[in-house]
Amino acid sequence: MCPWFSGHLTGLQGNERAPTLEHAWIRPAGPALKPNLNHIEAWVFDLDNTLYPASTNLFAAIDTRMGEFIATLLNVDASEARRIQKNYFRNYGMTLRGLMVNHAIEPGVFLDYVHAIDVGVLAPDPALQSALRRLEGRKIIFTNGSSTHAENVMDQLGVADHFEAIFDVADADYLSKPDPAAYRALVARHHLSPRATMIFEDLSRNLAPAAELGMTTVWVKNRTAWAESEEGLESRLDYVHHETENLVSWLEDAIKMRLSEPSTAR
Ligand SMILES: [Mg+2]
């Protein structure tokens with residue numbers, strides 16, 4: 001088990017054919033949901049605070065760099081920069097989008113600056129590597145960050161070989177999550193079938209457009225949950241089909257569940 005995570009796994013219930021798994025439906029199964037998960041062909045993962053936990057403070061370092069960028073760009077102090085940053089995050093989905101709309105910044109300059117951090121705080125994650133290796137299906141990273149940052153993080157965790165692609169904020173033409181256009185672009189680029197796609201995210205609001213498209217969603221909750229608290233979001237939202245505080249354990253259960261239903265057509 002990944003040492004960073006702890007907490008209670010929640011998932012599926014009503015799967016009478018996998019009684020050994022302690023699962024409980026978070027919400028009544030919508031049309032996209034099938035208890036055995038064997039219909040899932042593609043697994044889409046957010047990067048920051050999903051593939052690695054917020055407790056590493058790696059994303060906190062990015063967050064700090066964003067504030068520094070804004071303070072320098074707009075010649076304001078740190079607290080004013082923070083206010084602007086969070087305002088853009090809330091109103092535009094991501095800080096970068098707000099800066100592009102209001103200040104016409106070059107996105108590459110911003111991304112290079114905020115991602116100039118030490119990913120060495122992340123340790124290789126053998127448990128995640130193992131789970132990804134045994135989880136059959138296509139795997140794609142879907143991030144509001146840059147591909148370079150994603151590659152750095154994946155290399156550090158030791159999971160790069162398990163993913164066929166990174167769909168980054170540039171691929172989304174900077175219409176980042178949770179803009180529905182970003183999800184449509186992801187689906188089109190990688191020829192995904194939304195009803196056969198499961199998506200993992202630490203920001204629950206980023207699951208809403210995915211559920212709208214027909215994807216099955218997993219909210220990977222952080223113990224710090226800084227963004228959720230700042231947004232005032234509640235858990236138990238109808239577009240959150242599953243939730244867990246431990247990504248690796250959730251994946252392990254999904255793998256067992258799929259193996260327990262080998263005859264089910266995918
Ligand atoms: Mg994230």
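This is a short talk between a student and a tutor about how some features of a predicted model get their labels.

Student: What should I know before we start, about the numbering and the kind of model?

Tutor: Residues are numbered from 1 along each chain as its sequence is written. The model is predicted, so local features need pLDDT of at least 70 and side-chain atom pairs count only at pLDDT 80 or more, while totals for chains, interfaces and linings use all residues.

Student: Why is Asp173 called exposed?

Tutor: Count the C-beta atoms, placed from the backbone, within 10 Å of a residue's own: 20 or more others make it buried, 12 or fewer exposed, and anything in between partly exposed. Asp173 has 11 such neighbours, so it counts as exposed.

Student: And what makes Tyr174 partly exposed?

Tutor: Tyr174 has 18 other C-beta atoms within 10 Å, so it lands in the middle class. Glu41 is partly exposed too, because its count is 15.

Student: Where do Asp173 and Tyr174 sit?

Tutor: Asp173 is in the loop between strand 3 and helix 7, and so is Tyr174. Helices (H or I, at least four residues) and strands (E, at least two) are DSSP runs, numbered from the N terminus.

Student: What makes the backbone of that loop worth a look?

Tutor: Most residues other than glycine have a negative phi, and most peptide bonds are trans. Asp173, not a glycine, has a positive phi of about 55 degrees, and Tyr174 has one of about 60 degrees. Pro178 belongs to this loop as well, and a cis peptide bond with omega of about 10 degrees joins Lys177 to Pro178.

Student: How do you know that strand 4 and strand 5 pair?

Tutor: Two strands pair if DSSP finds at least two bridges between them. Strand 4 (residues 197-201) and strand 5 are joined by four, so they qualify, and they run parallel. Across from each other you'll find Glu201 and Trp219, and also Phe200 and Val218.

Student: What about strand 5 and strand 6?

Tutor: Three bridges join them, so they pair as well, again in parallel. Val220 has Thr244 in strand 6 as its bridge partner.

Student: Why are strand 3 and strand 6 said to stand at the edges?

Tutor: The open sheet has six strands in the order 3-2-1-4-5-6, with parallel pairing. Strand 3 (165-167) and strand 6 each have a single partner strand, so one side of each lacks a neighbour in the sheet.

Student: What makes strand 5 mostly covered?

Tutor: Five of its five residues, 216-220, are buried. Thr216, Val218 and Val220 are on one side, with Thr217 and Trp219 on the other.

Student: Why is the unit of strand 4, helix 8 and strand 5 called right-handed?

Tutor: Point the strands away from you: if the path from the first strand over the helix to the second runs clockwise, the crossover is right-handed. Strand 4, helix 8 (residues 208-213) and strand 5 make a right-handed β-α-β unit, so their path runs clockwise in that view.

Student: What makes a set of residues a nonpolar core, and where does the largest one lie?

Tutor: A nonpolar core is a set of buried Ala, Val, Leu, Ile, Met, Phe, Trp, Tyr and Cys residues joined through C-beta atoms within 7 Å. The largest has 61 residues, and Ile141 and Val218 are among those touching the most other members. Helix 10 (residues 247-259) gives the most, with six residues. Domain 1 (42-55 + 124-259) and domain 2 (58-114), whose bounds come from an automatic or database domain assignment, both contribute, so this core lies between them.
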